[in-house]
Amino acid sequence: ATRERASTALAGMGFEVLPSAANFVFASHARVPGEALLAGLRARGVLVRHFGQERIRNGLRISIGTEAETDALLTALREILAAA
C-alpha cells in the first residue's frame, strides 16, 4: 500500500515511475536530473540510490520504507522541485 501511495504521489509530481512489485520503485523526472535530485535529497537526510550508467542516470531507485519515511521523501522532493 505504501509503494502504491508513493508511486501515485511521485507521478503527481511529474515523475515517470516504472511499475514495481518489489520493495522499491524506479523513478525519473523530465525536468530535474537524477544527480540533482540525489544531492537535494541527501542534503535533507533522505537516502536513495542513483546509478551513473547512461540509460538510467536520470532515475532514482527509491526503497519503500515506513509511512513516515515516505512522507519525508515526498516532502523533500516537493521542496526540491519547487526550487528547481
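**View A. G52 in its loop.** In this predicted model, G52 sits in the loop that runs between β3 (49–50) and β4 (59–63). Its relative accessibility is 60%, so G52 counts as exposed. To place this glycine against another part of the chain, look for A36: the two are 16 residues apart in sequence, and their C-alpha atoms are 12 Å apart in space.

**View B. Helix α1 beside helix α3.** Here we turn to two helices, α1 (residues 2–12) and α3 (residues 67–83). Their axes come within 11 Å and cross at roughly 10°. Angles under 35 degrees count as roughly parallel, and α1 is therefore roughly parallel to α3. On the α1 side, the residues in contact are T2, R5, A6, A9 and L10; their partners in α3 are E67, T70, D71, L74 and L77. Sorted by class, this contact of α1 with α3 is made up of five nonpolar, two polar and three charged residues.

**View C. A closer look at T70.** Staying with helix α3, this view picks out T70. Is T70 buried or exposed? Its relative accessibility is 3%, and buried means under 20%, so T70 counts as buried. Leaving aside residues up to four places away in sequence, T70 touches T2, R5, A6 and G65. Of these, T2, R5 and A6 also appear among the α1 residues that meet α3.

**View D. G12 in helix α1.** G12 belongs to helix α1, whose residues are 2–12. With a relative accessible area of 68%, G12 is exposed. For orientation, find G40, which is 28 residues from G12 along the chain; the C-alpha atoms of G12 and G40 are separated by 19 Å.

**View E. E79 in helix α3.** E79 is another residue to find in helix α3. Exposed would need over 50% and buried under 20%; at 40% relative accessibility, E79 therefore counts as partly exposed. A30 makes a handy reference point: E79 and A30 are 49 residues apart in sequence, and 16 Å separates them in space, C-alpha to C-alpha.

**View F. R61 over the ring of F24.** What lies over the face of F24? It is R61, at 3.8 Å from the ring centre. While you have an aromatic ring in view, how many aromatic pairs does the model hold? Ring centres must lie within 6.5 Å to pair, and by this rule the count is zero.

Conventions:
Residues are numbered from 1 along each chain as its sequence is written. This is a predicted model: local features need pLDDT of at least 70, side-chain atom pairs count only at pLDDT 80 or more; totals for chains, interfaces and linings use all residues. Side-chain values use heavy atoms; hydrogens and water are left out. Rings of Phe, Tyr and Trp (its six-membered ring) pair if their centres lie within 6.5 Å; planes under 30 degrees apart count as stacked, over 60 as edge-to-face and the rest as tilted. A charge sits over a ring if NZ of Lys or CZ of Arg is within 6 Å of the ring centre and within 35 degrees of the ring normal. Axes are lines fitted to C-alpha atoms, for helices over the stretch in contact, and angles run from 0 to 180 degrees between N-to-C directions. Helices (H or I, at least four residues) and strands (E, at least two) are DSSP runs, numbered from the N terminus. Angles under 35 degrees count as roughly parallel, over 145 as roughly antiparallel, 65 to 115 as roughly perpendicular and the rest as oblique. Contact means heavy atoms within 4.5 Å. Ala, Val, Leu, Ile, Met, Phe, Trp, Tyr, Cys and Pro count as nonpolar, Asp, Glu, Lys and Arg as charged, and the others, Gly among them, as polar. Buried means under 20% relative accessible area, exposed over 50%, partly exposed in between (1.4 Å probe, protein chains only).
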